[in-house]
Amino acid sequence: MPHLVIEYSSDALDGAGVVRLMERLFQAASQTGVMKPEDIKVRARGYDDFLVAGRKDSFVHLSVYLLAGRTSEQKVKLSEQLRATMAELCPDVVSLSVDIRDMDPVAYKKRLK
């Protein structure tokens, strides 16, 4: 379980940049100790059509979905580390953001084969 979902403007990243960002965010999240590497899932979705504050400015937004139970301090540490990684890899992107979301462990269901 945790999910790292990257959303980005098509002008922010190319194919190789997306793969590199996914790999580095995986590493950064793993190194925080907030989640186990074997549980992390990373995916990315690019957007051709978007507006940021009414303009077509570049963006990368990361949503992190975690089962509830982490402390505020753990979530801040994770958010700051992930944002720093994004800033390092995306220095020219206008808007970088990270959102940590708690998922209800009772309602969350999955199936593995």
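# Notebook: Arg24, the core and a ring cluster

**Entry 1: starting at Arg24.** I began by listing what Arg24 touches, skipping its neighbours within four places in sequence: the contacts are Thr85, Glu88 and Leu89. This is a predicted model, so I'm reading everything here as a prediction. Arg24 itself is found in helix H1. Is Arg24 buried, partly exposed or exposed? Its relative accessibility is 26%, and that counts as partly exposed, because buried would need a value under 20% and exposed one over 50%. I also checked a distance: the C-alpha atoms of Arg24 and Asp92 are separated by 17 Å. Along the chain, those two residues are 68 residues apart.

**Entry 2: the overall layout.** Next I stepped back to look at the whole protein. I found 2 helices and 4 strands. Reading along the sequence, I get the pattern β-α-β-β-α-β. The radius of gyration is 14 Å, and the globule rule gives 13 Å for 113 residues, so the protein is as compact as a globular protein of that length. I looked up the span of the C-alpha trace too, and along the principal axes it is about 40 × 25 × 25 Å.

**Entry 3: surface and contacts.** How much of the protein counts as buried? The figure is 36% of the 113 residues. The accessible surface comes to about 6900 Å², and carbon and sulfur atoms hold 49% of that surface. Then I looked at contacts between residues at least 6 apart in sequence: 79% of them join residues at least 24 apart.

**Entry 4: the nonpolar core.** A note to self from the textbook side: in soluble globular proteins, nonpolar side chains tend to be buried together. Here, the largest nonpolar core has 24 residues. Which residues have the most contacts inside this core? They are Leu21, Val60, Val64 and Leu78. The elements giving two or more residues to the core are strand E1 (3–9), helix H1 (15–32), E3 and helix H2 (72–89). H1 supplies the largest share, with 5 residues.

I picked Val60 for a closer look. Leaving out its neighbours within four places in sequence, Val60 has contacts that include Ile6, Tyr8, Leu13 and Leu21. Further along the chain, its partners include Met86, Cys90, Val93 and Leu96.

**Entry 5: aromatic rings.** I searched the whole structure for aromatic pairs and got 2. One of them joins Tyr47 and Phe59, with 6.3 Å from centre to centre and 35° between the planes, which is a tilted arrangement. Why does this pair tie together separate parts of the chain? Tyr47 lies in strand E2 (residues 41–47) and Phe59 in strand E3 (residues 59–67), so the pair links parts that are 12 residues apart in sequence. Tyr47 is partly exposed at 24% relative accessible area, while Phe59 counts as buried at 13%.

Phe59 also pairs with Phe50, and this pair is edge-to-face: 5.5 Å centre to centre, 70° between the planes. Phe50 is buried, with a relative accessible area of 10%. Put together, the ring pairs link Tyr47, Phe50 and Phe59 into a cluster.

**Entry 6: a charge over a ring.** One last look at Phe50. What sits over the ring of Phe50? I found the charged end of Lys56 there, 4.7 Å from the ring centre. So my page on Phe50 now has a ring partner, Phe59, and a charged one, Lys56.

Notes: Residues numbered from 1 in each chain as written. Predicted model: local features only at pLDDT ≥ 70, side-chain atom pairs only at ≥ 80, totals over all residues. Heavy atoms only, no water. Phe/Tyr/Trp six-rings, centres within 6.5 Å; stacked < 30°, edge-to-face > 60°. Buried < 20%, exposed > 50% of the residue type's maximum accessible area, 1.4 Å probe, protein only. Lys NZ or Arg CZ within 6 Å of the ring centre and 35° of its normal. Rg over C-alpha atoms; globule rule 2.2 N^0.38 Å. Contact = heavy atoms within 4.5 Å. Areas by Shrake-Rupley, 256 points an atom, 1.4 Å probe, with all protein chains shown as cover. Core = buried A, V, L, I, M, F, W, Y, C linked by side-chain atoms within 4.5 Å.
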